[in-house]
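This report takes up, in turn, how helices pack, how the copies are arranged, and how the protein meets the DNA. Please look through the sequence and the structure before reading on.

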There are 2 protein chains.
Amino acid sequence: MAQSKKNEFTQEDIWLADVAKALSHPARVRILKILNDMSTCMVGNLVNKLPLAQATVSQHLKELKRVGLIHGEIEGPKICYCVNSKALSKAKNALDNLFSKMGCC
Amino acid sequence: MAQSKKNEFTQEDIWLADVAKALSHPARVRILKILNDMSTCMVGNLVNKLPLAQATVSQHLKELKRVGLIHGEIEGPKICYCVNSKALSKAKNALDNLFSKMGCC
DNA sequence: ATCGTTCATCGTAAATATACGATAAAGGAG
DNA sequence: CTCCTTTATCGTATATTTACGATGAACGAT
């Protein structure tokens, strides 16, 4: 709880900012929504639903993977992406906590 | 609910990504936490608590203002920043919705 | 072994973000 | 008015992000 004065940021704040960064592009928001809605989740499917080239979609998937919000499983030549519900709920809790209070001057 | 196929992103997704972008830096996470915890919220106070120059803090405040998460009120020569609880709860709801389901393959 | 499919990675160009010192603007104090 | 304080903005350097085509790697099918 105790925040440092003028020092570096806490790991918690850095992590939360990192998760937010992963959500900070419409394509990645959309990808998460699609993965929430579908059980089939090949990359090709996502590319068809996004106004972006395949390489770019792959790059966005990498960013979501980086923070652990999704992961992919190899199925033959295809890769099935799905959300990591554990990471999602951890992020949800942290964000809820950030948004909980409302002290205003 | 119905998502377009290959078209541009929805305004909802763009907005949500924009809010996430505002949270995507440790300094801005910290600023929100400080504003949640304190009632006194001058910029000088924030500068003292962050490992950043005044100009940089001002820039981060501008970004939080841009998406409406905070706003400032002029009090003489000082400016009192506070969180916009309405915007915070709207963002919280949208993020909760994004994180709610957990279909996995 | 040679395709065709699927996806990641490389290379790269353009745009955006981050940081800081310097400066401007606005208001209170003397 | 002239200072001093407080905060925003400007100018700028550096780093990161975003996007795409091209290429590479992995696999199933023929």
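## Terms and basis

Angles between axes count as roughly parallel under 35 degrees, roughly antiparallel over 145, roughly perpendicular from 65 to 115, and oblique for the rest; the axes are lines fitted to C-alpha atoms, for helices over the stretch in contact, and the angles run from 0 to 180 degrees between N-to-C directions. Helices (H or I, at least four residues) and strands (E, at least two) are DSSP runs numbered from the N terminus.

This is a predicted model, in which local features need pLDDT of at least 70 and side-chain atom pairs count only at pLDDT 80 or more, while totals for chains, interfaces and linings use all residues. Residues are numbered from 1 along each chain as its sequence is written, chains are lettered from A and ligands numbered from 1 in the order in which they are written, and side-chain values use heavy atoms, with hydrogens and water left out.

## Helix packing

In chain B, the axes of helix α1 (residues 11–22) and helix α5 (residues 85–100) come within 11 Å and cross at roughly 110°, and α1(B) and α5(B) are therefore roughly perpendicular to each other. The contact (heavy atoms within 4.5 Å) is made by B:Glu12, B:Trp15, B:Leu16 and B:Val19 of α1(B) together with B:Lys90, B:Ala91, B:Ala94, B:Leu95 and B:Leu98 of α5(B). These residues divide into seven nonpolar, no polar and two charged, where Ala, Val, Leu, Ile, Met, Phe, Trp, Tyr, Cys and Pro count as nonpolar, Asp, Glu, Lys and Arg as charged, and the others, Gly among them, as polar.

Between the chains, the axes of helix α5 (residues 85–100) of chain A and α5(B) come within 10 Å and cross at roughly 170°, so that α5(A) and α5(B) are roughly antiparallel to each other. Residues A:Leu88, A:Ala91, A:Lys92, A:Leu95, A:Asp96 and A:Phe99 of α5(A) meet B:Leu88, B:Ala91, B:Lys92, B:Leu95, B:Asp96 and B:Phe99 of α5(B), and by class this contact has eight nonpolar, no polar and four charged residues.

## Relation of the copies

Chain A is superposed on chain B by a rotation of 180° with 0.0 Å of shift along its axis (RMSD 0.0 Å), with the fit made by least squares on the C-alpha atoms of residues with pLDDT of at least 70 in both copies. The two copies are thus related as by a two-fold rotation axis. In chain A, the C-alpha of A:Ala20 is the one nearest the axis, at 2.5 Å from it.

## DNA strand C

DNA strand C is surrounded by 23 residues, of which A:Gly44, A:Ser58, A:Tyr81, B:Lys21 and B:His60 are the closest; a residue is near a strand if one of its heavy atoms lies within 4 Å of it. Among the polar contacts (pairs of N or O atoms within 3.5 Å), a phosphate oxygen of strand C is 2.7 Å from a polar backbone atom of A:Gly44, and a phosphate oxygen is 2.6 Å from an N or O atom in the side chain of B:His60. A base nitrogen of strand C is 2.8 Å from a side-chain N or O atom of B:Gln59.

## DNA strand D

Of the 22 residues around DNA strand D, A:Lys21, A:His60, B:Gly44, B:Ser58 and B:Tyr81 come nearest. A polar side-chain atom of B:Ser58 lies 2.7 Å from a phosphate oxygen of strand D.

Methods
A polar contact is a pair of N or O atoms within 3.5 Å; within protein, one must be able to donate a hydrogen and the other to accept it, and residues adjacent in sequence count only if both atoms are side-chain atoms.
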